[in-house]
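Please open the structure in your viewer and keep the sequence panel visible. The tour goes from the whole chain down to single residues.

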Amino acid sequence: MKKTAEELEKSLEGEIKERIKKILILKEIQKQENILVDDKALEQEVNLAMASFAKQGKADSVDQQSLQTYIKEKMEQEKTLQFLEELE
C-alpha cells in the first residue's frame with residue numbers, strides 16, 4: 001500500500017508531536033537539575049566527529065558551531081536520561 005505525501009505526513013504527525021514533547025521534558029529536567037556537559041568531554045566529541053568527517057574528505061563542509069551545538073544537546077540528553085535512570 002503506497003501512501004501519498006499527505007497521508008504520510010498525517011501518519012507521522014502524532015509521532016513527531018510525541019518526540020517534541022519528550023525533548024522539551026528532558027530539557028526542563030536538565031534545566032531544573034542543572035545538568036551540564038563537561039567542556040573537555042564536549043571538545044573531545046567534537047574533535048572525534050571532525051576527524052571522522054576529515055577521513056571522508058568532508059571536514060571543509062562542516063559548520064563546526066552547528067556540530068558543537070548538536071553534540072552538546074545529544075550529550076545533555078544522554079546525561080539527563082542517565083540521571084533519570086539513577087532515580088529508579
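The stops below begin with the overall fold and end at one side chain.

**Whole chain**

Show the whole protein as a cartoon; what you see is a predicted model. The secondary structure amounts to three helices and zero strands, in the order α-α-α along the sequence. The radius of gyration is 17 Å, whereas the globule rule gives 12 Å for 88 residues, so the protein is more spread out than a compact globule. Rotate the C-alpha trace to look along its principal axes: the spans are about 45 × 40 × 20 Å.

Next, switch on the surface. About 7600 Å² is accessible, and carbon and sulfur atoms contribute 51% of that area. Of the 88 residues, 16% count as buried. Among contacts with a separation of 6 or more, 71% join residues 24 or more positions apart.

**Helix α1**

Select residues 5-32, which make up helix α1. Does the distance between its ends agree or disagree with the length expected from its residue count? At 1.5 Å a residue, the 28 residues should span 40 Å, and the end C-alpha atoms are 39 Å apart, so the two values agree. Now centre the view on glutamate 13, where α1 has a kink of about 35°.

**The loop after α1**

Move on to asparagine 34, in the loop between α1 and α2 (39-55). What is the sign of its phi, asparagine 34 being a residue other than glycine? Phi of asparagine 34 is positive, near 55°. As background, most residues other than glycine have a negative phi. Asparagine 34 comes just after α1. Its relative accessibility is 55%, and because the cut-off for exposed is over 50%, asparagine 34 counts as exposed.

**Threonine 80 in helix α3**

Select residues 64-87, helix α3, and pick out threonine 80 within this helix. Is threonine 80 buried or exposed? Its relative accessible area is 0%, and since buried means under 20%, threonine 80 is buried.

Which residues does threonine 80 touch, leaving aside those up to four places away in sequence? Show side chains for Leu26, Ile29, Gln30 and Ile35, which are its contacts on that count. To place these partners, colour α1 again: the helix covers residues 5-32, and Leu26, Ile29 and Gln30 fall in that range. In a helix of this kind there are 3.6 residues a turn, so residues three or four places apart point the same way.

Definitions and conventions:
Residues are numbered from 1 along each chain as its sequence is written. This is a predicted model: local features need pLDDT of at least 70, side-chain atom pairs count only at pLDDT 80 or more; totals for chains, interfaces and linings use all residues. Side-chain values use heavy atoms; hydrogens and water are left out. Helices (H or I, at least four residues) and strands (E, at least two) are DSSP runs, numbered from the N terminus. Buried means under 20% relative accessible area, exposed over 50%, partly exposed in between (1.4 Å probe, protein chains only). Contact means heavy atoms within 4.5 Å. The expected span of a helix is 1.5 Å times one less than its number of residues. The bend at a residue is the angle between axes fitted to the seven residues ending there and the seven starting there. The radius of gyration is taken over C-alpha atoms; the globule rule is 2.2 Å times the number of residues to the power 0.38. Accessible areas come from the Shrake-Rupley method with a 1.4 Å probe; for residues, only the protein chains shown count as cover.
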